[in-house]
Amino acid sequence: MEQYQEGNLAKSLAGHDKGKIYMIVREEKEMVYLADGKNRPIERPKCKRKKHIQPIYQKEISFSQIKKSQTGQNEAIKKVIQKYQKSTDS
């Protein structure tokens, strides 16, 4: 499904991280791998079942651009998440 594509944001619905925003870095059958650039860097993504997240369609920047980022992949992920949170707060 398109909603679980790499680069889309997702909100955790279950677990100790409930309500936290992540970026999807990989998708497999019933699982997604999530990173936030801080506690969960792209090198060590969090694995969650698809039913435990709410996908947020967000295609301002493609995941391939983040992978090629000169400033660092984790920094780019943090910036995208912060920008989304600022837009939802106002």
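**Burial, salt bridges and contacts in a predicted model**

Me: How does E28 count in terms of burial, with its relative accessible area of 38%?
Reply: In this predicted model, the relative accessible area of E28 is 38%. Buried would require a value under 20% and exposed a value over 50%. Because 38% lies in between, E28 counts as partly exposed.

Me: Which residue does the side chain of E28 meet in a salt bridge?
Reply: The structure holds five salt bridges, and one of them involves the side chain of E28, with a distance of 3.4 Å from N to O. The partner is partly exposed, with a relative accessible area of 36%. The residue that E28 meets is R26.

Me: How many residues apart in sequence are the parts that the pair of K50 and E27 ties together?
Reply: K50 forms a salt bridge with E27, and the closest N and O atoms of the two are 2.6 Å apart. K50 lies in the loop between strand 4 (46-49) and strand 5 (53-56), whereas E27 belongs to strand 2 (residues 21-28), so the parts that the pair ties together have a sequence separation of 23 residues.

Me: Which residue of the salt bridge between K50 and E27 is buried?
Reply: E27 has a relative accessible area of 34% and is therefore partly exposed. The other residue of the pair has a relative accessible area of 11%, and because buried means under 20%, the name asked for is K50.

Me: What is the order of the elements of the protein from the N terminus on?
Reply: The secondary structure comes to two helices and five strands. Read from the N terminus on, the elements run β-β-β-β-β-α-α.

Me: How far apart are the end C-alpha atoms of helix 2?
Reply: Helix 2 takes in residues 73-89, which makes 17 residues. At 1.5 Å a residue these should span 24 Å, and the value in the model agrees with this expectation, the end C-alpha atoms being separated by 25 Å.

Me: What arc around the axis do the buried residues N74, A76, I77, V80 and I81 of helix 2 cover?
Reply: N74, A76, I77, V80 and I81 are buried in helix 2. They lie on the same side of helix 2, because the arc that they cover around the axis is only 165°.

Me: Which residues are exposed on the other side of helix 2?
Reply: The buried residues of helix 2 are N74, A76, I77, V80 and I81. Facing away from these, on the other side of helix 2, the exposed residues are K79, K83, K86 and D89.

Me: Which residue of helix 2 forms a salt bridge with E75?
Reply: E75 and its partner both lie in helix 2, three residues apart, which is about one turn of the helix. At 36% relative accessibility E75 counts as partly exposed, and at 24% its partner also counts as partly exposed. With the closest N and O atoms 2.9 Å apart, the residue that forms a salt bridge with E75 is K78.

Me: Which backbone nitrogen does the side chain of D36 reach at 2.7 Å?
Reply: D36 has its place in the loop between strand 3 (31-35) and strand 4, and at 7% relative accessibility it counts as buried. Its side chain reaches the backbone nitrogen of N39 at 3.1 Å. At 2.7 Å, the side chain of D36 reaches the backbone nitrogen of R40.

Me: Which residues does D36 contact, leaving aside its neighbours within four places in sequence?
Reply: D36 counts as buried, and its contacts include residues I77 and I81, which are among the buried residues of helix 2. Leaving aside the neighbours within four places in sequence, the full list for D36 is K20, I21, Y22, I77, K78 and I81.

Me: What distance separates the C-alpha atoms of F63 and V25?
Reply: F63 lies in helix 1 (residues 63-67) and is buried, with a relative accessible area of 5%. Not counting residues up to four places away in sequence, F63 touches E6, G7, M23, I24, V25 and I42. F63 and V25 are 38 residues apart along the chain, and the distance between their C-alpha atoms is 7.8 Å.

Me: What is the relative accessible area of the buried residue N8?
Reply: N8 lies in the segment before strand 1, where a polar atom of its side chain is 3.2 Å from the backbone oxygen of Q3. N8 is buried, and its relative accessible area is 0%.

Methods: Residues are numbered from 1 along each chain as its sequence is written. This is a predicted model: local features need pLDDT of at least 70, side-chain atom pairs count only at pLDDT 80 or more; totals for chains, interfaces and linings use all residues. Side-chain values use heavy atoms; hydrogens and water are left out. Helices (H or I, at least four residues) and strands (E, at least two) are DSSP runs, numbered from the N terminus. The expected span of a helix is 1.5 Å times one less than its number of residues. Buried means under 20% relative accessible area, exposed over 50%, partly exposed in between (1.4 Å probe, protein chains only). The arc is that of the directions from the helix axis to the C-beta atoms. A salt bridge is a side-chain nitrogen of Lys or Arg within 4 Å of a carboxyl oxygen of Asp or Glu. Contact means heavy atoms within 4.5 Å. A polar contact is a pair of N or O atoms within 3.5 Å; within protein, one must be able to donate a hydrogen and the other to accept it, and residues adjacent in sequence count only if both atoms are side-chain atoms.
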